[in-house]
Amino acid sequence: MIRFPVVLFDLDGTVVDSGGIILASMRHATETVLDRSYSEAELMANVGGPGLEAQMEAFAPDRVDELVRVYRAHNEPLHDELEAFHGIEDALLSLKEERRLLGLVTAKRRATVDLAFARLPLAYLFDVVVGGDETDRHKPDPAPLQLALSRLAAEPEEAAYVGDSPYDMQAARAGGLHAVGVTWGRIHGREALADADVVVDTVEELLAVL
């Protein structure tokens, strides 16, 4: 018997190896707009949570719009370099072959998700996609996960959410889903996954716990 008939995935740091381009664009935006240099930890602290606007508000509440505009102008062309993590497409295919329902729930707005899918044709593997601009509340609030489950006509106890950030784990817990943390994203350290039900280091381990 399949333990989780529904498996939802985060995008950045979970399915796609985007940490490097996010860091580069965060650094570019803050240095260009604010003329300030931040550490990598400071730049990446809020990635994967309540969305780009909230991330920029942490740096300069009065210059959010400008920071977001400069970030996106720098970041969007970098999607041409985007790669999926090794083995993740095969893992998704394996889950689909087991007749599981798969979803993508990300803080990225849908237009940026589409950029990623234009580079990496993975959209066909997901039965539902929820972008960060589709709910009023954002991770760590469970609202995006709840929207995905609603679209799949699924219940939380049937589902696992796979992600790389503390916001992913907190959202899963708050929504009653099984929280699976992955360490290969390198955006957040293992210690950030304290709220996970289980933490895995490889794609093979991920398939074993699902």
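Select valine 6 and leucine 101 to begin: leucine 101, in strand β2, is the bridge partner of valine 6. The model is predicted, so local features are reported at pLDDT of at least 70 and side-chain atom pairs at pLDDT 80 or more, while totals for chains, interfaces and linings use all residues. Residues are numbered from 1 along each chain as its sequence is written, and side-chain values use heavy atoms, with hydrogens and water left out.

**The strands around β2**

Next, display strand β1 (residues 6–9) together with β2; the two pair in the parallel sense over four bridges. Strands here are DSSP runs of E with at least two residues, helices are runs of H or I with at least four residues, and both are numbered from the N terminus. Two strands count as paired if DSSP finds at least two bridges between them.

Now add strand β3 (residues 128–130), which pairs with β2 in the parallel sense over three bridges. To locate this pairing, select glycine 103 and its bridge partner in β3, valine 128.

Is β2 enclosed or open? Four of the five residues of this strand (residues 101–105) are buried, so β2 is largely enclosed by the rest of the structure. Buried means under 20% relative accessible area, exposed means over 50%, and partly exposed lies in between (1.4 Å probe, protein chains only).

Show helix α6 (residues 110–119) with β2 and β3: these three elements make a right-handed β-α-β unit. Right-handed means that, with the strands pointing away from the viewer, the path from the first strand over the helix to the second runs clockwise.

**The aromatic cluster**

A search of the whole structure finds four aromatic pairs. For one of them, select phenylalanine 9 and phenylalanine 126, an edge-to-face pair at 6.5 Å centre to centre with 70° between the planes. The pair links distant parts of the chain, as phenylalanine 9 is in strand β1 and phenylalanine 126 is in the loop between α6 and β3, 117 residues apart. Rings of Phe, Tyr and Trp (its six-membered ring) pair if their centres lie within 6.5 Å; planes under 30 degrees apart count as stacked, over 60 as edge-to-face and the rest as tilted.

Both phenylalanine 9 and phenylalanine 126 are buried. Add Phe117 to the selection, and one aromatic cluster of Phe9, Phe117 and Phe126 is complete.

From here, move to leucine 92 in helix α5. Leucine 92 is buried, with a relative accessible area of 0%. Not counting residues up to four places away in sequence, leucine 92 touches Phe9, Leu102, Leu125 and Phe126; contact means heavy atoms within 4.5 Å.

**Histidine 79**

Select histidine 79, in the loop between α4 and α5 (88–97). Which residues does histidine 79 contact, leaving aside neighbours within four places in sequence? They are Ile21, Lys108, Thr112, Leu115, Ala116 and Arg119. Histidine 79 counts as buried, at 2% relative accessibility.

**Helix α7 and what follows**

Colour helix α7 (residues 143–152) and pick out its buried residues: Ala143, Pro144, Leu145, Ala148, Leu149 and Leu152. Their cover includes β1, β2, β3, β4 (159–163) and α8 (166–175).

In the loop between β3 and α7, find proline 140. A cis peptide bond joins lysine 139 to proline 140, with omega of about 15°.

At the other end, alanine 153 comes just after α7 and lies in the loop between α7 and β4. Although it is not a glycine, alanine 153 has a positive phi of about 55°. Alanine 153 counts as exposed, at 72% relative accessibility.

Aspartate 35 also merits selection: this residue is not a glycine, yet has a positive phi of about 55°. Aspartate 35 is found in the loop between α1 (19–34) and α2 (40–44), and is exposed, with a relative accessible area of 68%.

**The largest pocket**

Finish at the largest pocket, which holds about 470 Å³ of space. Of the 33 residues that line the pocket, Gly51, Leu52, Ala107, Lys108 and Arg109 are the closest to its centre. Helices α3 (52–57) and α4 (64–78) each supply at least two residues of the lining.

On a 1 Å grid over the protein atoms alone, a pocket is an open set of points where a 1.4 Å probe fits, with protein on both sides within 12 Å along at least five of seven lines; lining residues have an atom within 4 Å of a point. Grid points are joined across faces, edges and corners, and the volume is the space filled by probe spheres set on the points.
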